Structure formats: structure tokens, C-alpha cells
Amino acid sequence: MATDKEKIAELEKKVDRLYELVESVALNVVDHTTNIDRQINDKLKSLTRRGRTTNHQSTR
């Protein structure tokens with residue numbers, strides 16, 4: 001049977017692993033949203049270069 005110190009050490013390892021996983025997920029979310037922002041900006045630039053605007057300024 002495991003002693004209290006062994007149980008605590010095992011729980012600390014699990015907590016450390018959870019922190020690693022949470023950090024990994026957070027970094028992936030940042031990367032994903034950065035890529036989405038880049039895609040949106042690229043699309044907006046592409047539309048602007050073609051003379052299209054979202055607020056119809058060119059028709060005024």
C-alpha cells in the first residue's frame with residue numbers, strides 16, 4: 001500500500017501533467033486564432049485591392 005508521501009508525489013505528477021496540457025491547449029488556441037485573423041486580413045486586403053469595400057465608399 002502506498003504511503004501518504006507516495007500518494008502526494010503521484011498527485012503532484014498528475015497536476016504537473018495537467019498544467020502542461022492546459023498550456024499546450026492555450027498555445028494551440030492562440031495559434032489557431034492568429035491564423036484565423038491572418039486569413040481574414042488577407043481576404044480583406046484581397047477584396048480591397050479589387051476595388052470592393054464593405055462600406056460601399058466607391059459608390060459615393
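## Burial and surface

Just 2% of the chain's 60 residues count as buried. Keep in mind that this is a predicted model. The accessible surface of the chain adds up to about 5900 Å², and carbon and sulfur atoms account for 57% of that area.

## One helix

As for secondary structure, there's one helix and zero strands. Helix 1 covers residues 4-49, which makes 46 residues. From its first C-alpha to its last, helix 1 reaches 67 Å. At 1.5 Å a residue you'd expect 68 Å, so the model comes out close to that figure.

What comes after the helix? Helix 1 is followed by Gly 51, and the phi of this glycine is positive, near 90 degrees.

## The salt bridge

The structure holds one salt bridge. The partners are Arg 17 and Glu 20, with their closest N and O atoms 3.2 Å apart. That pair counts as a salt bridge because the cut-off is 4 Å between a side-chain nitrogen of Lys or Arg and a carboxyl oxygen of Asp or Glu. Side chains of opposite charge can pair when their charged atoms come close.

Both Arg 17 and Glu 20 sit in helix 1, three residues apart, or about one turn of the helix. An α-helix has 3.6 residues a turn, so residues three or four places apart point the same way. Are these two partners buried or exposed? Arg 17 is partly exposed, at a relative accessible area of 46%, and Glu 20 is partly exposed too, at 45%.

## A nonpolar patch

Which residues make up the nonpolar patch on the surface? They are Ile 36, Ile 40 and Leu 44, and together they have about 240 Å² of accessible area.

Take Ile 40, one of the three. This isoleucine lies in helix 1 and has a relative accessible area of 44%. Ile 40 counts as partly exposed because that value falls between the 20% limit for buried and the 50% limit for exposed. A residue needs over 30% to join a patch, so Ile 40 meets that requirement.

## A positive patch

There's a charged patch on the surface as well: Lys 43, Lys 45, Arg 49 and Arg 50 form a positive one. Among them, Arg 49 has its place in helix 1. How exposed is Arg 49? Its relative accessible area is 66%, and Arg 49 counts as exposed because the cut-off for that label is over 50%.

Terms used: Residues numbered from 1 in each chain as written. Predicted model: local features only at pLDDT ≥ 70, side-chain atom pairs only at ≥ 80, totals over all residues. Heavy atoms only, no water. Helix = DSSP H or I, 4+ residues; strand = E, 2+ residues; numbered from the N terminus. Buried < 20%, exposed > 50% of the residue type's maximum accessible area, 1.4 Å probe, protein only. Areas by Shrake-Rupley, 256 points an atom, 1.4 Å probe, with all protein chains shown as cover. Patch = residues over 30% accessible without salt bridge, like charges linked within 9 Å, V, L, I, M, F, W, Y side chains within 5 Å. Lys, Arg positive; Asp, Glu negative; His and termini not counted. Charge placed at Lys NZ, Arg CZ, Asp CG, Glu CD.
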